[in-house]
Amino acid sequence: MTRNSIISGIDWWTIALFLVIALFGWLNVYGASYTFDQTSPFDLSNRAGKQFLWFGIACVLGLAVLFIEGRTHEVIAYLLYAFWIVVLLITPFLAHDTKGSMSWIDLGPLKFQPAELAKMITALALAKYMGRFDYRVRSWRDLVVPFVLLALPAGIIMIWQSETGSALVFASFLIMFYRFGMSGYVLTGGLSFALLFILSIRFGEVPLPWGSGSVGVLLCYLVLLAVIVGFMLLHERDLKSTLILCCVVILAYAAGLIVNIWWTVNFNLVSLIALVLILLYFTGVVLYRRRFIMLLVTGYTVLALLFCEACTIVFNKVLQPHQRTRIEVLLGLKDDPAGAGYNVNQSLIAIGSGQFTGKGFLKGTQTKLRFVPEQDTDFIFCTVGEEWGFLGSAGLLIVYLIFILRLIYIAERQRDNYSRIYAYCVAGIFFFHLTINVGMVLGLLPVIGIPLPFFSYGGSSMISFTLLLAILLRLDAERLSKWQ
Amino acid sequence: MGSVVLVVLVFISRLFWLQVIDQSQKAKADSNALLRQVIYPSRGLIYDRNGELLVFNQPIYEVTLIFQEMRHGFDTIAFCQCLGIDSLEFEQRISAIRDRKRNRGFSTYTPQIFMAQLSKQDVASLREVSYKFPGVGIRKRTLRGYTYPYAAHILGSVGEVSQADIDRDKYYQAGDYSGRDGLERTYEQRLRGEKGVEVIMRDSRGRIQGSYHDGAEDVDAITGTDLHLSLDIRLQQLAEECLHGKVGSVVALEPATGEILALASSPTWNPEILVGKQRSTQYNILLNDPTKPLFNRATQATYPPGSTFKTIQSVVCLQEGGITPRTTYPCSGPGSSPIKCTHHHGSPVSLLNAIEQSCNPYFWCAFRDMLQKEGYGDNNAVFRKRFNLWRDDVMKFGLGQRFENTDLGEQSAGKIPLEREFNRTYGEKGWKAITIRSLSIGQGEILVTPLQLANQAATLANRGYYITPHLNTELTNSPELRHETDMDSTWFNLVAQGMHQVMTAGTGRWYNIDSLQMCGKTGTVQNPHGKDHAIFIGFAPMDAPKIAVAVVVENAGFGATWAAPVASLMIEQYLTDTIRRKHIYNKMVNAVLEHPSEQQ
């Protein structure tokens, strides 16, 4: 394989998009950390200068990786993974407390966060394991090892280093699992559990307007019913049973409402009775028709019921107070613009004040005057919103969209599983970061401190994202030559 | 792939909502980062008719604290000593500043007002050693200052705006000053000027970060417009000195222009005491004073005009044909009926003698004949028509109504009784001239203010018209202030002749100055609550009047004794610019007449 074929095989579109995002990001780091005693964006004493230095280092490292043969990473993937698990484990001993998180290692004047690079190393290990020629997802057993590979670093980062945000990013690998044969029911199940969690926390304490019982419980039962009805209609194609189920529920509630005229009825109990009737029906069907798949639905329902109960306990007993407050503020249970909601509130003010065309580069008052905390790292998107307006921020989102779509396109065109799986991991990671970060800044998702790729200030994230991308580009460049 | 596009679309629509549709974030951003610091304009000055400065602005000082800078070794006790407060007060003030409910703009990084309205002397000792106290600043604002301790009722005062003012006029903010009463209130709009603003950027901790857009959005303050009054402060001073120790009022007008030369009400106060931090305490003292100093007697108190009303009565009776210049009536002195005469003079009396001697029977007869001239008619209708004619004529002298379009504060309308009031008491047929005989000599149901009395004197001086009394010389030429009586000037000349005789030979002769051609009329008003009120109206010189005066001294006794000398001194002062009759001046200034409220 010649050097020329590598250069000609490199996806220059991706590199162009990377440069656009990174340089625009550097400009905004300069904007966000700019004070009125102006210094040059190249001055190393300020954050913009450092960011430029990080950008340079990342480019050099990325370029170096582009010249390393793709197979090298595949060969050392497990070794790297094992080594990095050790690094993650010893990090808290070398780290000092940064806002409650024990994930930063001091290297002289620089600080380094091993968790950032863990994503790339996990992606490599997963790609190696799942990319084996004989690997297929036939049953849930085939997913055990990948889940362990994923959960190990995530668990260490979340529990051992108290860095929830970085750990949550590992959930982005589920996107790849789904693409490679994990059943859609798992995702549906996961999403419905998230919904149940939100509903039971948000409406758990809201009493029903009639009888006794809570709105949250009723909504949770309705979600469960929707899942069951969906299963019956889409999977079993059994219209008759669906109608019977619906009738049972409606009759149960009607009976409850009628009795309620004379005695106060606990509708939590009514819902439970209706659900038990449905489960009995399922059991009957299983025994009569020998459709054991329907046991899955029964299991799911029982699990979901236990989960709803557990949610309240976990929320009130297990979560740390600041995490609880963040969730409460997001769900609208608490209004606290000066406290937990301060970041988001100020972020929305900054973005909203940008209007259609923005206030102009270096002219944003909200970010210049430091109303938005973390404005050059996690909340950097609001600097874009304020200074570049709707045009700039929507434009940036579209650039990210094109970038991620390009990564998916690259992933789809890979011929061997190893490259494809790795590419999907990369696309998933970028997508997850974009969604969580921008969703947080726009006040749509809870505050989870993860950076905007190539954009937020920070050496660890800039270097890890660049390396992540560089390996993908090398693998992509090799896709033609590998089989020659 | 679809989900990536979906997520980005959701984000873009959220951005569109925040940045393009919803405008509330923009406003929040401005209140966040921009500090609109008010630049206060200096208030317009007030001058008297001779260009004498009456009201000016004087600097006051505020002591401010920046809490953030105070952390490093702040010597509280020394600081308190400099300001003359104890540490308890210090603590109270600090916690008041920290209370975000009362002090919304609290920040530990910006200057917070610790004490306000301090004089130069109050801050002098602090200023010397302020370098010892980090975070302490001394800021300058302006308050009103007064050259003379007079004219408090007219000038009014400046104080902090009330919540009602803020709600009514968006110009004001809490802590602003505005005219609370008197001219300061009437002319608030022009005196206050226009506030300017300096737009300053501050960071999330409230630290000032420089001017916004290099001052492009700053607005300069516009100084208030000065006010030139018709008041003559020397005359005002004389009036207040003469009223010292008495209850009453003096009003002097320039007849040809309606300009108020002096308007004094006693008891009064030194306007200086309602300035600065003692304002509210002093105001409460004035408010609770039983002699009611805040009540402007010159425009708000009403009295029966007594014998001074005989001047109007003469003109009206001549005009409506009740009498002629040659009419005479017999007078039996104290034995007269139905009204006694209080003076001794010959009989029968002519009009001029009647005015000179203030003969009650003459004016009763003239009033009766004027009302009965056409008989009583069916159902008393002709008589009642004549009564209304009389009433309309009297009203033409400015009585029984408030002066419109002028710049005086509170006024009373006074009272000229209505036909229907007598109808109600006596029935339409039940009242005749004899029933309302006290009106003929200015007693009974008729009430006037001292200002109306002075205006009456001016109308007589002008021989038939008056210009609404006012203080701002800019109003003088406005046509809507001129009011005609539409009565023959012959009658006015006759009455002026009679009033001149009052001063040369009649009830005012002890206080006449021949060379000044004084005209006057005394009055002694029966007061059911105590001693009679002394009243005097007059003008001078007779042929080309330059000043018209009305004087009321409550519970003093004879008008000739207590009111006439004051009016005479006022005329002398104004026309000769000096007082030669020091003995009269000394007697009036030193005399103290007790107010009924003090006798208890």
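Mentor: Let's start with one term: two residues are in contact if their C-beta atoms, placed from the backbone, lie within 7 Å. With that in hand, look at helix H22 (residues 564-576) of chain B, which lies across strand S11 (248-254), S12, S17, S18 and S19 of chain B. H22 runs at about 150° to S19(B). Keep in mind that this is a predicted model.

Trainee: Predicted, okay. How much confidence does each chain get, going by mean pLDDT?

Mentor: The general idea is that where pLDDT is low, the coordinates shouldn't be read in detail. Here chain A averages 81, with 89% of the residues at 70 or above. For chain B the mean is 87, and 94% of its residues reach 70 or more. The predictor also gives the complex an ipTM of 0.78 and a pTM of 0.61.

Trainee: Where in chain A is confidence lowest, and where is it highest?

Mentor: The low end is helix H14 (residues 321-330) of chain A, with a mean of 68. The high end is helix H17 (residues 381-412) of chain A, at 92.

Trainee: Back to the strands under H22(B). In what order do they sit in the sheet?

Mentor: The order is S12-S11-S19-S18-S17 in chain B, an open sheet of five strands with antiparallel pairing. Its edges are strand S12 (259-266) and strand S17 (519-525) of chain B, each of which pairs on one side only. From one strand to the next, the twist averages 5°.

Trainee: How many bridges hold the pairs around S18(B)?

Mentor: Strand S18 (residues 533-540) of chain B and strand S19 (residues 547-553) of chain B pair over seven bridges, in the antiparallel sense. To find the register, note that B:Ala534 stands opposite B:Val553 in S19(B). S17(B) and S18(B) are likewise antiparallel, over seven bridges. There, B:Gly520 faces B:Gly538 in S18(B).

Trainee: S17(B) is an edge strand. Is it mostly covered or open?

Mentor: The general idea first: side chains in a regular strand alternate between the two faces of the sheet. In this case, seven of the seven residues of S17(B) are buried. One side carries B:Cys519, B:Lys521, B:Gly523 and B:Val525, and the other B:Gly520, B:Thr522 and B:Thr524, so both faces are covered.

Trainee: Let's switch to chain A. What is it built from?

Mentor: Chain A has 19 helices and two strands. Of its 484 residues, 42% count as buried. Among contacts between residues at least 6 apart in sequence, 67% join residues at least 24 apart.

Trainee: How do I read the packing of H4(A) against H6(A)?

Mentor: Take the angle and the axis distance together. Helix H4 (residues 70-94) of chain A meets helix H6 (residues 144-160) of chain A at about 5°, with the axes 10 Å apart. Angles under 35 degrees count as roughly parallel, so H4(A) and H6(A) are roughly parallel to each other. From H4(A) come A:Ile85, A:Leu88, A:Leu89 and A:Pro92, and from H6(A) come A:Leu152, A:Pro153, A:Ile156, A:Ile157 and A:Trp160. That contact has nine nonpolar residues, no polar and no charged ones.

Trainee: One last residue: why does A:Ile198 count as partly exposed?

Mentor: Being buried takes 20 or more other C-beta atoms within 10 Å, and exposed means 12 or fewer. A:Ile198 has 17, so it is partly exposed. It sits in helix H9 (residues 184-202) of chain A. Its C-alpha atom is 9.5 Å from that of A:Cys220, 22 residues apart along the chain.

Key:
Residues numbered from 1 in each chain as written. Chains lettered and ligands numbered in written order. Predicted model: local features only at pLDDT ≥ 70, side-chain atom pairs only at ≥ 80, totals over all residues. Helix = DSSP H or I, 4+ residues; strand = E, 2+ residues; numbered from the N terminus. pLDDT = per-residue confidence, 0-100. Axes fitted to C-alpha atoms, helices over the stretch in contact; angles between N-to-C directions. Parallel < 35°, antiparallel > 145°, perpendicular 65-115°, else oblique. Nonpolar A, V, L, I, M, F, W, Y, C, P; charged D, E, K, R; others polar. Pairing = 2+ DSSP bridges.
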